[in-house]
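Visitor: I am new to this structure and should like to learn how to read it. Would you take me through its features one at a time?

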Amino acid sequence: MAEMVFQALEQAGTNFLRSTVELMPRVLMTASIVIVGWLIAIVMKWITHSVLTRLGFGRLCERQGVAHMLKTANLPTAETLAAVIVFWIVWIGFLLSGVDVLGFAALQGLVREFALFVPRLLVGIVILIVGFVFANFAWRATQLAAVNAKVPSPRVLSGTVRGLVLILAAAMALDQIAVAQTIVLTAFAIAFGAVMLGLAIAFGVGGGGIARRILDHWFPERPPSEHDDLRHL
Amino acid sequence: MADDSLVSDDLLRTLVGVGHVDLLVGIPTLNHAGTISDVVKAVEASFRTYFPRQRTALINSDAGSTDDTMALVQNCCLDQARTVTASSGLRTTHRISTPYHGTLGKTNAVRLIFSSADLLQANGVVVLDPDVANITPEWVAALAAPLRDRHVDFVAPVYRRQVAEGHLVTQLLRPLIRATYGWRVREPLASEFGCSGRFAAHCAEQESWGSHDVQNAVHLWLTGTALAGSFSVAQTELGTHQLVPSAPQQPLADLFRQVVTSAFAMIDEHAGYWLGKTEVKDVPMVGAPVAAEAPDEIVPPDGARILESFDQDVKNLEEILRILLTKDTFAALTSAAADPSRPGLPGALWATTVGEFLVAYHHNVMRRDHIAQALLPLYMARAGTFLHEHANSSPEAAEAALESLCVHFEQVKTRVVDRWTQPAVR
């Protein structure tokens, strides 16, 4: 009996040692891939940051108002953010390649899925950036036009325009990435519908007077103001 | 050499028939049937009275009038009273009325006049604006005589302005152009001017005509080109400047955006000329002032009412102004806007603000028409401040205040030059 137990243990030990010996090179390979990947990701991060800085990406973002938004959200500068994104994409790619080398059945195919996911992620990021830029352009243009036209509450108006464009861009980006697509779509539709319905009810119930005033302001029957009397030329 | 595509074959034939002229008067028009006859009569009377021995021609560059403007140019005659006072010319005076093609607007009309002047080898060119109600023969003489007698290249007018008019010129363009270019030119945006054939030919050759900045404010561009080029510039007093009531008026927001972006673009383009200039010189006044009837007094709008929105406008534009202005200037602006004891935008702060907007424009920190749009509420505050302070002042006191504003702009120039070549740092 004791001998049987001993043989079983010996067999298990032998199997364990064999498996370990077989696995060890793959672990080492994985570790090498992860470490080399990390180094490459660091280099890619540095190159991205340098190239974008030299190309004046920061100034472009500043001009489009993206830099201001990043600062408000306590995020790093646009060049740093882009470099960090590149770092993580590259390193996660290497990390998954390393995991793939281990040969665990449950983790097989992760690299392929990641390779399919990265382009969608990049397109999503591009949509988000374009959305940011367009939202800021629309915000600034609306605010300036509203202030110069003496439209009441220009900040609310321009903020609403920016918010709507950002929500739209975020929804489009999430749809592109296809992360929990149904949930995102449903959540967006419910939230957007709820907000619009809420606004419509609130405005209808409590804002009749405001609506009248706004319409009076937009389509006035009034004498020219002091501004109109000025002879600028 | 004149642009061939601009001058039609018919016009070319006409110009060849006219031959060489000493003085060409150009009038850009678009549906000016109501006023064009008076302008043409004034020009004809001027030719007969002041230039009887000169070879003269009048060219009407029309943007496609649907009324009788072009026919009136060809057919209107000097009335009895003027025929008596004006002596007969010794030479034939030619009248040309021609449509032009391409983008509508005064720019292409002026360009066609310059191209025609180049082909006619005109010694002098005078351009008049048919929207002005009080053009007299003496205006043409005042603008043209210095070209002939003193060989001046560009004659800018000087108008007698009331406190309640011309704020875009007096509060912004005059001090800005004076401080940057270093010349005390009073009317950089005037639509009447005289210029030599040499200057007209130089301008006609330029590639800039098609740019938005020239299209939007061609008269400003001509003034800047004359000041920054090697051209002799003079000024002449024309008296008052009264626009006809029916003159088309652009919405202020559009007008301001166009004029300011054009002014900033021109200053940016001529940076090589003015960055090193430290002194400000007088532009010589030539000729006797044109006698003019006292104009109807314009009742100034209430400056305090214009200033009511200043504080709110600054608050509304806070994020944008923070990008365009330095911290100190933004703080001073906020403080001035919020100060109930002394409302308004003082001249020194206005000069600093405009200087920083100009630098922001140069460094392209924001879409450029947004920069001009952001300046409009501040300009309104400055105009309101001036009206509030000088609505009841004597013309001399108002003039002294405008001179003081110009000096503030000159003082700001050093800081503008310092920041011009630095990267956009706030």
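Guide: Let us begin with a single residue. With 27 C-beta neighbours inside 10 Å, B:Pro28 counts as buried, because 20 or more such neighbours are required for that term. The model is a predicted one, and everything that follows should be read in that light.

Visitor: In which element does B:Pro28 lie?

Guide: B:Pro28 belongs to strand E1 of chain B, which covers residues 23-29.

Visitor: Which residues touch B:Pro28, leaving aside its neighbours within four places in sequence?

Guide: With those neighbours left aside, the contacts of B:Pro28 are B:Ser61, B:Lys106, B:Ala109 and B:Val110. As for distance in space, the C-alpha atoms of B:Pro28 and B:Val365 are separated by 37 Å, and these two residues are 337 residues apart along the chain.

Visitor: Let us turn to B:Leu30. Where is B:Leu30 placed, and is B:Leu30 buried, exposed or partly exposed?

Guide: B:Leu30 sits in the loop between E1 and H2 of chain B. There are 19 other C-beta atoms within 10 Å of B:Leu30, so this residue is partly exposed. Apart from neighbours within four places in sequence, B:Leu30 is in contact with B:Asp62, B:Ala63 and B:Ser65. From B:Leu30 to B:Lys327 the C-alpha distance is 47 Å, with their positions 297 residues apart in sequence.

Visitor: How should I read a pair of helices?

Guide: Two packed helices are described by two quantities, the angle between their axes and the distance between the axes. In chain B, helix H2 (residues 36-50) and helix H6 (residues 137-149) pack at an angle of about 60°, and their axes are 7 Å apart. H2(B) and H6(B) are therefore oblique to each other. Their crossing is right-handed.

Visitor: Which residues make the contact between H2(B) and H6(B)?

Guide: H2(B) contributes B:Ala42, B:Val43, B:Ala45, B:Ser46, B:Thr49 and B:Tyr50, while H6(B) contributes B:Pro137, B:Val140 and B:Ala141. Sorted by class, this contact of H2(B) with H6(B) has 7 nonpolar, 2 polar and no charged residues.

Visitor: At what angle do helix H11 and helix H18 of chain B pack?

Guide: Helix H11 (residues 252-269) and helix H18 (residues 368-390) of chain B pack at about 120°, with 9 Å between their axes. H11(B) and H18(B) are therefore oblique to each other, and H11(B) passes H18(B) in a right-handed crossing.

Visitor: Which residues meet there, and how do they divide by class?

Guide: From H11(B) come B:Ala253, B:Phe256, B:Arg257, B:Val260 and B:Thr261; they meet B:Arg368, B:Asp369, B:Ala372, B:Gln373, B:Leu375, B:Leu376 and B:Tyr379 of H18(B). The contact of H11(B) with H18(B) divides into 7 nonpolar, 2 polar and 3 charged residues.

Visitor: How do the axes of helix H10 of chain B and H11(B) cross?

Guide: The axes of helix H10 (residues 218-228) of chain B and H11(B) come within 10 Å and cross at roughly 20°. That makes H10(B) roughly parallel to H11(B), since angles under 35 degrees count as such. H10(B) passes H11(B) in a right-handed crossing. The contact is made by B:Leu220, B:Trp221 and B:Gly224 of H10(B) with B:Ser262, B:Ala263 and B:Met266 of H11(B). By class, the contact of H10(B) with H11(B) has 4 nonpolar, 2 polar and no charged residues.

Visitor: How many residues of chain A and chain B are in contact?

Guide: The size of an interface is often given as the accessible area lost when the parts come together. Here a count of residues may serve: 19 residues of chain A are in contact with 30 residues of chain B. On the side of chain A that touches chain B, helix H2 (57-64), helix H5 (110-148), helix H6 (154-177) and helix H9 (226-229) of chain A each supply at least two residues. H5(A) gives the most, with 6 residues. By class, that side of chain A has 6 nonpolar, 5 polar and 8 charged residues.

Visitor: What confidence scores accompany the model?

Guide: The model scores ipTM 0.83 and pTM 0.81. Chain B averages a pLDDT of 88, and 94% of the residues score at least 70. Over residues 80-86 of chain B, however, the pLDDT is below 50, and this stretch has 7 contacts in the model beyond near neighbours in sequence.

Conventions. Residues are numbered from 1 along each chain as its sequence is written. Chains are lettered from A and ligands numbered from 1 in the order in which they are written. This is a predicted model: local features need pLDDT of at least 70, side-chain atom pairs count only at pLDDT 80 or more; totals for chains, interfaces and linings use all residues. Two residues are in contact if their C-beta atoms, placed from the backbone, lie within 7 Å. Helices (H or I, at least four residues) and strands (E, at least two) are DSSP runs, numbered from the N terminus. Ala, Val, Leu, Ile, Met, Phe, Trp, Tyr, Cys and Pro count as nonpolar, Asp, Glu, Lys and Arg as charged, and the others, Gly among them, as polar. pLDDT is the predictor's confidence in each residue, from 0 to 100. Axes are lines fitted to C-alpha atoms, for helices over the stretch in contact, and angles run from 0 to 180 degrees between N-to-C directions. Angles under 35 degrees count as roughly parallel, over 145 as roughly antiparallel, 65 to 115 as roughly perpendicular and the rest as oblique. A crossing is left-handed if the near helix is turned anticlockwise from the far one by less than a right angle, and right-handed if clockwise. A residue is buried if 20 or more other C-beta atoms lie within 10 Å of its own, exposed if 12 or fewer, and partly exposed in between; C-beta atoms are placed from the backbone.
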